[in-house]
Amino acid sequence: MPPRDNPTARQARLGAELRKLRERAGKTAREAAGMVSTDQAKISHIEAGRIGVSEERIRKLAVYYACDDEALVEALCGIAREHRGQHWWDSYRGVLAPGFLDIAELEHHAIRLRCLQPVTFPGVLQTEDYAHALFASVIPQLPDDEVRARVEHRMKRQAILERETAPPFEAIVHEAALRMRVGGRKVARSQLEHLLSVSERPGLTLRVIPFTNEDFIEVTQTVMYANGVVPQLDTVQIDTPFGGRFLDAAGELDRYRTLFDFAEQAALDPEESRSFIHHVAREL
């Protein structure tokens with residue numbers, strides 16, 4: 001089977017974690033290849049996520065790398081068992097850019113999600129009209145079928161909050177997001193009313209950072225922190241003017257955990273936040 005041209009973020013993560021284990025053990029790619037009876041090029045492809053790897057090889061490599069973290073090894077084997085076409089977002093392959101699929105995949109496998117939003121709301125908390133207004137305002141303007149596909153995909157992402165085992169979800173939004181009249185007054189008010197409704201769901205926490213807060217100022221980009229089934233698979237997703245980025249270096253993860261903890265301290269508590277949102281909605 002030829003190497004993948006565009007591995008998913010999760011496939012690339014599997015390879016990256018195997019590379020980390022190899023480097024931590026002080027082994028070369030050639031030595032690892034010899035252990036599993038393959039060539040160095042194939043190890044490089046595996047570590048880049050360009051080709052798959054069997055559970056058997058993962059376990060052999062883990063032993064060779066002296067990795068005794070059974071939970072991590074099992075989590076990596078779980079990724080290896082996944083296959084294309086298994087999940088709903090695969091139907092959008094070739095329809096939407098890979099980043100859209102990667103976000104859906106990240107949310108699906110997370111055991112906890114934390115979002116920090118400066119001027120919009122988390123995708124899984126958006127109404128259809130609000131999402132449509134956002135995508136319809138993209139410059140250069142998107143074709144109608146692209147807008148429809150993006151909105152449909154965003155609505156389907158909300159299924160993670162409806163599962164029996166839905167991951168705990170914490171959203172911290174800035175007051176600026178509440179006051180943006182995306183789609184006009186009617187759409188904006190409906191979006192705020194929707195936030196009030198979903199904020200009552202078990203496991204979902206919504207907090208607001210008001211303009212009057214004087215301590216917290218680093219609300220400049222959309223950030224999502226997704227906890228993996230093991231800490232080594234935690235991932236940060238950030239939006240930039242050039243597209244989304246996925247971060248997993250230990251130092252970066254630590255930095256964003258601190259950021260979220262600070263944001264939570266700066267925000268109103270959930271009940272105060274609900275009252276605040278209700279007040280803003282009444283002003284519209």
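Me: Before we look at helix 12, what does contact mean here?

Reply: Contact means heavy atoms within 4.5 Å. The model is a predicted one. What covers the buried residues of helix 12 includes helix 9 (175-179), helix 10 (185-198) and strand 3 (204-209).

Me: Which residues of helix 12 are buried?

Reply: Ser273, Phe276, Ile277, Val280 and Ala281 are the buried ones. Viewed down the axis of helix 12, these residues fall within an arc of 135 degrees, so they line one face of the helix.

Me: Why do residues three or four places apart point the same way in an α-helix?

Reply: An α-helix has 3.6 residues a turn, so residues at that spacing share a direction. On the other side of helix 12, Glu271 and Arg282 are exposed.

Me: How far apart are the end C-alpha atoms of helix 12?

Reply: They are 20 Å apart. Helix 12 has 14 residues (residues 270-283), and at 1.5 Å a residue it should span 20 Å, so the two values agree.

Me: What is found at the start of helix 12?

Reply: There, a side-chain oxygen of Asp269 comes to within 3.1 Å of the backbone nitrogen of Glu271.

Me: Ser199 lies in the loop between helix 10 and strand 3. Is Ser199 buried or exposed?

Reply: Buried means under 20% relative accessible area. Ser199 has 11% relative accessibility, so Ser199 counts as buried.

Me: What does Ser199 touch?

Reply: Leaving out residues up to four places away in sequence, Ser199 touches Leu204, Leu206 and Arg274. The side chain of Ser199 also reaches the backbone oxygen of Leu196, at 2.8 Å.

How values were computed
Residues are numbered from 1 along each chain as its sequence is written. This is a predicted model: local features need pLDDT of at least 70, side-chain atom pairs count only at pLDDT 80 or more; totals for chains, interfaces and linings use all residues. Side-chain values use heavy atoms; hydrogens and water are left out. Helices (H or I, at least four residues) and strands (E, at least two) are DSSP runs, numbered from the N terminus. The expected span of a helix is 1.5 Å times one less than its number of residues. Buried means under 20% relative accessible area, exposed over 50%, partly exposed in between (1.4 Å probe, protein chains only). The arc is that of the directions from the helix axis to the C-beta atoms. A polar contact is a pair of N or O atoms within 3.5 Å; within protein, one must be able to donate a hydrogen and the other to accept it, and residues adjacent in sequence count only if both atoms are side-chain atoms.
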